[in-house]
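Trainee: I'm new to this structure and would love a close look at one part of it. Please choose somewhere to begin, and lead me on from there to whatever connects best.

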Amino acid sequence: MKIFISAGEASGDLHASELMKALSAARGDISFTFLGGDLMEHAASTPPLIHYRHMAYMGFSEVIRHLPDIAANLRTARRALLAERPDAVVLVDYPGFNLKLAKTAWKAGIPVYWYISPKVWAWKEYRLPKLRRYVRRMLCILPFEREYFRSKGMEVTYVGNPSVEEIDRRLASATPVEELLRNHGIDTSRPLLTLVPGSRMGEIRNNLPVMDAVARRHPGLTAVIAGAPGIAPEVYASFSSCPVVSGATSSLMAGAVAALVTSGTATLECALAGTPQVVCYRANGSRLSYNIMKRILHIPFVSLPNLIAGREVIPEMLVHLCTPDLVDARLTDILPGAPGREKQIAGYSLIRERLGHRSAAVTAAETILKDFK
């Protein structure tokens, strides 16, 4: 059995690699062609057709600058898909690119499964007709998505959330944070403040300067940047003098007294690690951008913990609100002894309860393979 998988960023690489392992464990004759990263390469024992670091472009201007690269990647992916004629295509998030691949597969009569659904419930609902046409089944990882997609006339399965098992597994085997910091020559005498500025260049450029400015206001904390795969240390050094530790985000978040986290999957991982956090999303920082965003979005929150809980558990400092002064005020409110800390931790319990305990990768693999018995 041949499966084609497309993941366009670091989190997709992680989740897709676990799905690949589950598919291989359930059926021994599976081979993969994929767009992704090092974790998927390890799971498949073969290199990616395109590495996600050549795909993960964020924001309008960055996408415009790289349009020739994006077009070339799409041509390469389409040619490989049609040449391989896989039994199934599995798309992992990354909707702008993957929706075009879905159309190619649909036209070729190849069934499409979407693992980690596009967030059309937040914005860009105009994509729904194409999703409804091209995708055989949505494999959702957020509980509220099940009813949303069903109400739009789509086949959908809630498979559980991969972050739950992944964060628990990583924390169980992780190097203790004090040992990790000592191994990198970092001071362990003060509590740790972890900075998670994202996995894309645009996110780091926009958010790390704010995080760095806030960290400098807390000399009693040791601030450390959680480095993302594929991002060179020099990139972080151009925005902050804080030390960087790569490949250990979960340990750094779990061992921290608090964290500043760019909006995205990392906010949920930080919540599952039990560490109080402030969400930062600077973008271009203008009030106009904020007002436009509020009009476009169809949801009351942008962070996954708040969406899952159905209320504000963690503070969201978005666009023009993401300033050193305002972020620092919210950080101070969740440090030990502050009133917001226990309230946020209590909210984390509700989030775990709503996500459940099933293995998302195993359930997704079973759902896909059920159609090929």
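**From a buried threonine to the parallel sheet**

Mentor: Let's begin with T262, where a polar atom of the side chain lies 3.1 Å from the backbone oxygen of P197. That is a polar contact: N or O atoms within 3.5 Å, one able to donate a hydrogen and the other to accept it, where residues adjacent in sequence count only if both atoms are side-chain atoms. Before we go on, note that this is a predicted model, in which local features need pLDDT of at least 70 and side-chain atom pairs count only at pLDDT 80 or more, while totals for chains, interfaces and linings use all residues. Residues are numbered from 1 along each chain as its sequence is written, and side-chain values use heavy atoms, with hydrogens and water left out.

Where does T262 lie? It belongs to strand β11, which covers residues 258–262; strands here are DSSP runs of E with at least two residues, and helices are runs of H or I with at least four, numbered from the N terminus. With a relative accessibility of 3%, T262 counts as buried (under 20%; exposed is over 50%, partly exposed is in between, with a 1.4 Å probe and protein chains only). P197 also appears among the residues that T262 touches, together with V196, G198, E203, N207, M211, T267 and C280. Contact here means heavy atoms within 4.5 Å, and residues up to four places away in sequence are not counted.

Now let's move to the sheet. Which strands form it, and in what order? Seven strands make an open sheet, arranged as β3-β2-β1-β4-β5-β6-β7 with parallel pairing. At its edges stand β3 (50–51) and β7 (156–158), each of which pairs on one side only. Pairing between two strands asks for at least two DSSP bridges. As background, strands of a sheet pair through backbone hydrogen bonds, either parallel or antiparallel.

Look closely at β1 and β2, which run parallel and are joined by five bridges. You can trace some of the partners along them: K2 has S31 as its bridge partner in β2, I5 has F34, and S6 stands opposite L35. Why do we call these strands enclosed? In β1, five of the six residues are buried, so β1 is largely enclosed by the rest of the structure. The reasoning for β2 has the matching form: five of its six residues are buried, so the rest of the structure largely encloses β2.

On the other side of β1 in the sheet order comes β4, and A88 sits in that strand, which spans residues 88–92. A88 has a relative accessible area of 0%, so A88 counts as buried. Its contacts beyond four places in sequence include K2, I3 and F4, and the list goes on with I110, P111, Y113 and F372. For a sense of scale, A88 and A213 are 125 residues apart in sequence, and their C-alpha atoms are 48 Å apart in space.

Follow F4 a step further and you reach L101, a residue of helix α5 (residues 95–107). F4 and S6 are both in contact with L101, as are L74, A77, R78, L81 and L91, leaving aside neighbours within four places in sequence. L101 is buried because its relative accessibility is 0%. R75 is 26 residues from L101 in sequence, with 9.7 Å between the C-alpha atoms.

Between β4 and α5 there is a loop, and D93 is found there. Phi of D93 is near 50°, a positive value in a residue other than glycine. Is D93 buried or exposed? D93 is buried, because its relative accessible area is 15%. Compare S45, in the loop between α2 (38–44) and β3: phi of S45 is near 60°, again positive in a residue other than glycine, but S45 is exposed, with a relative accessible area of 69%.

One last stop is H15, which you will find in helix α1 (residues 10–26). H15 is buried, with a relative accessible area of 3%. Setting aside neighbours within four places in sequence, its contacts are Y115, I116, P162, S163, E166 and T265.
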